[in-house]
Amino acid sequence: MTDKNPVADEQSVGQELSIEQRATVGLSQGAIVRRRFLHHRGAVISVFVLLFLVLLAFTSVGTVLGGTGKLTPDPTGTRLIVDGFRIPGWWGATWWERYDIVLPGGAPTFTWWPFSFGEHPFGQDNTGKDVFARVMRGMQQSLNVVFIVGIISTVIGVVLGALAGYYRGWVDQLIMRLTDVIIIVPLLILGAVLGQTIGGDAFLLAVMIGLIAWTGMARLVRAEFLSLREREFVDAARVAGASDFRIIFRHILPNTVGVIVVSATLLMSAVILLETSLSFLGFGITDPDISLGQIISQYNEAFKTRPWLFWWPGLFIVVIALCINFIGDGLRDAFDPRQKRVPRQRGLGSEIGNFFKAYIPGTRPGDGTVNK
Amino acid sequence: MLTFVARRLVATLLVLLVASFIVYVLTANSGDPLRELRGSRDPSAQDQIAYLSGLLNLDQPPVLRYFSWLGGVGACFIGQCDLGISVARGEQPVIEAIGGALGSTLQLVLAATILAIVIGVAIGMTTALRQYSGYDYVVTFLTFVFYSLPIFWVAVLLKEFGAIQFNSFLGNPVIPWWSILVIGIVMGFIASSVVGGELRTRVISFVSVGGGVAALLILLDVTRWFESPSIGYVGIALMSVATGAVVLFTSTGFHNRRALLAVGIVVVLTIALSWPFQFLFYYVNNPWTVVLVLAIMVGLGLLVGFFVGGDGKAVVARTAAIVGGLGVIPLVLDQMFIRWDEYVARIPLSNGVIATIGASTPAIRRVDDTWLNMLDSLTHMLLPTIALMIISLAAYTRYARASLLDVMNQDYVRTARAKGLGERTVVMRHAFRNAMIPIATIIALDFGAVIGGAVITERVFAWQAMGSLFNEGLHRIDVNLVMGFFLVTGILAVIFNVIADLLYSALDPRIRVS
């Protein structure tokens, strides 16, 4: 049944250090966490994939700082320019201009053999816009929203959770009832109402979602604070004359950093799905601005004739969410104090290897492993 | 226990009240409902604006309007509901709009939630019991993928890809040899991983399950079953024997002779009674017949268990009653599939058998035949339910796995093993119940995600249900319509919370005592 292997426990009997302790002896907390994270192959690969996507999205078509994203004809009247400070990228096309249709129907010019990207590797839409440029710009906006929401929600959630958990009493009651009120409204519904209010701007939408997405974080941090505030080191700090502010932020908060980091990561993977869903419904980022969900919504009806308008934005949403989820899983493994020796590298490649190994007698993955 | 549930209920209702105020004010401030009219050059626009302002009390601040709306809701307690009128829907009263929309959404949400719980918990538990097996790794990876899927993307894919592929398959139902091979190998792999044990056992379970599934598919293919699917006596017999075996395996095991006998009697009764029940279903053409038959079958199960049970009356009766209750499913399915040809004849030619638009076929709605309508709902609900289920499924699988792993390492499980209990008893009696306690909490938490998912799914499949009320209401700043949607989902959330609390107190004796 469950692989309960007593070997490790027996070995530690009568010895000063268990295997797990010996593996980490002389290492700082940060070094242990870093080592464990690097051992999670899926998470490490995900970090690189995510970094690659961020670089690709921002350098390829360049970006726009500030501004509303509105399009105005330039003085000569020959082309449109986008509102805001424009930083150009290395990709020739922009996400708002129309181009001559290269292949019939605007089909993708990408080919495997001979390998070539062509002018419009992801194809063109019915007005001749370059889908690659649109998807890259959409990815920029979606990533922006994810990071802004991540920062705002984490700050609000941590501060409110810390106050509720540390002071208890009426402060706790007040903050937790506020949390209950926000949690009972489905996040998508509240986000849609707020998105409709601000009317399609990516930055404002991110701030609004940040203001409502902190509830899970607040609950987790509060629970951590409730247990940590009873520990001796907090008493010691208080006896030494530390102020409440100092105890909360210098003594207790560093002990909750694992919970915060993991929960913030998982929050961010939920946010990209939330933002794209809102944009799909028309309550998130709206035209002339672009988001991955908005692209799918815009081309929804064209699936039968132009499936490439639909595949790429969806694929990028899935890949980003998957990467963030894997990183979150790796961080959880790294910060979990109950975590003992990981039986094998739990990465993608070895998962597929284990898949086949399960059928060779004597090499069942799991033999010779230790449960947490 | 009752005080616990009652206290939680009151707290949730108060929270809902405050939340409704916030949503009302936010929605009222989210835009100008008269924007289109203000821009209009139509000479009657001014009159229209004045008329609508008077109708919706737009000259009052939203806070005051909220309290008059709340008064209308409060009147429900004396039987005079007034949720306002919907301007977006031609001044239709909101309560009417809800009445027409609630049924399909409720079906969708309940079906997706129940399926996600049952399948998710089953998968999560088997992966926990076979931790670090190939099956475990594959499932863990797949839950990550499912967790990262945007529901609107999955729904559009299912609609444009799944439905069309499946409909063209039904047009010419030939299963290619390679898909039989793949399905057989996958099923065999799952079975051998779940059964586990020595190499010999694994090979036997792989060959028997994989081969069995492949043989069944070949049989269905050769007899051209998919051209006109039906259940018939053979189907009822197969399905009830299979349910009986699964329930028996998880509840008492085959070695309990009395339980085996009781379940055997109930299965035989199900098959025997399917003939008289056909007449009942035909002449009492009403959804409540299902409830009646369910009561009869459960009652028969209890009775058989009581007389056959011997020393373990309670356990045997419970097992037999579950088998009897589940036996209703093949009976109802049989009734539905008897009308397959009639259904195919009545749907529009352009539609495939698996519908992708709307929650029902209007032409069939008009026919007064419960079972035909059920079949119609089934084909319409199939894809939206799958889309909605996939996301929750991943969450339930992960939580069930983590929770059972936690429990299996507890001291009381070791104690249960140490006193010599069988593995089934340890897992199902000692570990499973305790592992379900966190799952009961997830049911209430997951509800918000399901409602949000339903709004998106209904939009993709063009359902005229609660989701479209919300979409339409918010796009046109029709506060009454949005609040109607919010009221219904809020009440549903309260119900889900109460169910979770009841489950919680049923599972956890510490709550029952205090």
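I477(B) is buried, at a relative accessible area of 7% (buried means under 20%, exposed over 50%, partly exposed in between, with a 1.4 Å probe and protein chains only). Keep that in mind for the warm-up. This is a predicted model, where local features need pLDDT of at least 70, side-chain atom pairs count only at pLDDT 80 or more, and totals for chains, interfaces and linings use all residues. Residues are numbered from 1 along each chain as its sequence is written, chains are lettered from A in the order in which they are written, and side-chain values use heavy atoms, without hydrogens and water.

**Exercise 1.** Find where I477(B) sits and check its phi.

*Solution.* Start with the place: I477(B) is in the loop between α20 (466–475) and α21 (479–507) of chain B (helices are DSSP runs of H or I, at least four residues, numbered from the N terminus). Next, look at the backbone: phi is positive, about 50 degrees, although I477(B) is not a glycine.

**Exercise 2.** Do the same for R224(B), and decide whether it is buried, partly exposed or exposed.

*Solution.* R224(B) lies in the loop between α9 (199–222) and α10 (232–251) of chain B. Its phi is positive too, near 50 degrees. With a relative accessible area of 34%, R224(B) is partly exposed.

**Exercise 3.** Describe how chain A meets chain B.

*Solution.* First, count contacts (heavy atoms within 4.5 Å): 60 residues of chain A touch 62 residues of chain B. Then try salt bridges (a side-chain nitrogen of Lys or Arg within 4 Å of a carboxyl oxygen of Asp or Glu): the rule finds zero across this interface.

Methods
Helices (H or I, at least four residues) and strands (E, at least two) are DSSP runs, numbered from the N terminus.
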